[in-house]
Amino acid sequence: MVMTTKEIKALLQRYYEGTSTEDEVSRLGVLLNRDDISKEWEEERTYFNVLNELQHEEVSVPSDLKQQVTERLQHEQTSHSGQRFRLLYFLSGAAAVLLIMLSALWWLKSGKNGRDTFSDPKLAYAETQQAINLVAYYFGEGTRPLQKIEKFKEAVKPLQTLQEIESVEKKLGYFAKINEGYQTAKKVLNGK
Amino acid sequence: MKNLLTSVVILLLSVSVQGQNKSIQKIFDRNKGADGFTSIVITRHMFDLFSELETQPDDDYLNLIKNLDGINILTASEPGVNSRKFYNTVLKELHNNRYQELMTVHDTDQDVEFFTREKKGQVVELLMLIGAQKQTTLVWITGIIDMKTISKLADNLGIEGMDRLNKIDK
């Protein structure tokens, strides 16, 4: 039995190395498939039998295998390069947008901080006040005629009240006439 | 990809909005430091420092200034530059660039034109162009401009305003 174990080990090593002769392979098959084989060889026996069966199976090679493989490789290559291009395109676009945004930010910021004529806030305030006064002065010049119209409207307002009083008086006059007529009619009726 | 395109469109739109006053900025940039021109630029950065001044500025001015982005003044004086030509160039630019003409004041020896640009019902740019015989001044105020406060200041100025104006001209 010890001899068998040693033989199986040696034959298996040559089998897995692919250096076994046909006789050695068939001898290994016989040894592994013996009924009294130790359990430790069960796994090896299964592998051997499966491999042995596969070895005897005929494998048909498609005639256009080369073409199929070439096409598949080309497809894989195109698909990968397409993905790579899209990723590169997206990244370069994002980088461009970021660059433009940073430039715009810098431009706006530098516009606010770096162009001041005055470094002394006192002088800057005096100039700002003068500029606002200049604008306000001419704005006032332009709107003054409108202010006159507004003042005229204000002045005319009391006259409107007088007109309203006059209108009320007029209405009261009608009532007085109606009352007069009513009194006359009453007298006439009482006289009867 | 859609997000990227949206970002680009938003960016282009914001740039185009900025671009609306680019022509005026160009006038300032082109003539800044040139012979016959005097320019003054006061930015928001400086306005922020006004509240820290020892002598506190008037409330009306501070309230007006706090919403401003900047004040730019450009004066073209003869003989260094043809004042009238510059006046006409600026006037043409203002008419071509979506600015609304607010009013024109014809004084004895000068014309004053006011232009504005509004955004969401607020005046965001105010330009005043003064064309005198030998001098043209362009005042460009940006930010949110409270015209009521300007009107109030105008009422307060009166004759005093004339004195201050004379000082500026000198």
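Biologist: Which pattern does chain A follow when read along the sequence?
Modeller: In this predicted model, chain A holds five helices and zero strands. Read from start to end along the sequence, chain A therefore gives the pattern α-α-α-α-α.

Biologist: What share of the residues of chain A count as buried?
Modeller: A residue counts as buried if 20 or more other C-beta atoms lie within 10 Å of its own. Of the 192 residues of chain A, the share that counts as buried is 10%.

Biologist: How are α2(A) and α3(A) set to each other, oblique or roughly parallel?
Modeller: The axes of helix α2 (residues 22–32) and helix α3 (residues 42–56) of chain A come within 10 Å and cross at roughly 135°. Angles under 35 degrees count as roughly parallel and those over 145 as roughly antiparallel, with 65 to 115 taken as roughly perpendicular. The crossing angle falls in none of these ranges, and therefore α2(A) and α3(A) are oblique.

Biologist: Which residues of α3(A) make the contact with α2(A)?
Modeller: On the side of α2(A), the contact is made by Leu28(A), Gly29(A) and Leu32(A). By class, the contact of the two helices has three nonpolar, two polar and two charged residues. The residues that α3(A) brings to the contact are Glu44(A), Arg45(A), Phe48(A) and Asn52(A).

Biologist: Which element gives the most to the side of chain A that touches chain B?
Modeller: In the contact between the chains, 34 residues of chain A meet 40 residues of chain B. The elements of chain A that give two or more residues to this side are α4 (65–113) and α5 (121–191), and by class the side has 18 nonpolar, ten polar and six charged residues. With 21 residues, the element that gives the most is α5(A).

Biologist: Which are the edge strands of the open sheet in chain B?
Modeller: The open sheet has six strands with antiparallel pairing, in the order β1-β2-β6-β5-β4-β3, and the twist averages 10° from one strand to the next. An edge strand pairs on one side only, and the strands that do so are β1 (37–43) and β3 (100–106) of chain B.

Biologist: Which residue is the bridge partner of Phe115(B) in β5(B)?
Modeller: Strand β4 (residues 110–119) and strand β5 (residues 122–132) of chain B pair in the antiparallel sense over ten bridges. In β5(B), the bridge partner of Phe115(B) is Leu127(B).

Biologist: At about what angle does helix α2 of chain B run to β2(B)?
Modeller: Helix α2 (residues 22–31) of chain B lies across three strands of that chain, namely β1, β2 (68–77) and β6 (135–143). Relative to β2(B), the helix runs at about 50°.

Biologist: Where does Pro79(B) lie, and is its peptide bond from Glu78(B) cis or trans?
Modeller: Pro79(B) lies in the loop between β2 and α5 (83–96) of chain B. The peptide bond from Glu78(B) to Pro79(B) has omega near 10°, and is cis.

Biologist: Does Lys120(B) count as buried or exposed?
Modeller: Lys120(B) lies in the loop between β4 and β5 of chain B, and its phi is near 50°, a positive value in a residue other than glycine. A residue with 12 or fewer C-beta neighbours within 10 Å is exposed. Because Lys120(B) has 6 such neighbours, Lys120(B) counts as exposed.

Note on methods. Residues are numbered from 1 along each chain as its sequence is written. Chains are lettered from A and ligands numbered from 1 in the order in which they are written. This is a predicted model: local features need pLDDT of at least 70, side-chain atom pairs count only at pLDDT 80 or more; totals for chains, interfaces and linings use all residues. Helices (H or I, at least four residues) and strands (E, at least two) are DSSP runs, numbered from the N terminus. Axes are lines fitted to C-alpha atoms, for helices over the stretch in contact, and angles run from 0 to 180 degrees between N-to-C directions. Two residues are in contact if their C-beta atoms, placed from the backbone, lie within 7 Å. Ala, Val, Leu, Ile, Met, Phe, Trp, Tyr, Cys and Pro count as nonpolar, Asp, Glu, Lys and Arg as charged, and the others, Gly among them, as polar. Two strands pair if DSSP finds at least two bridges between them.
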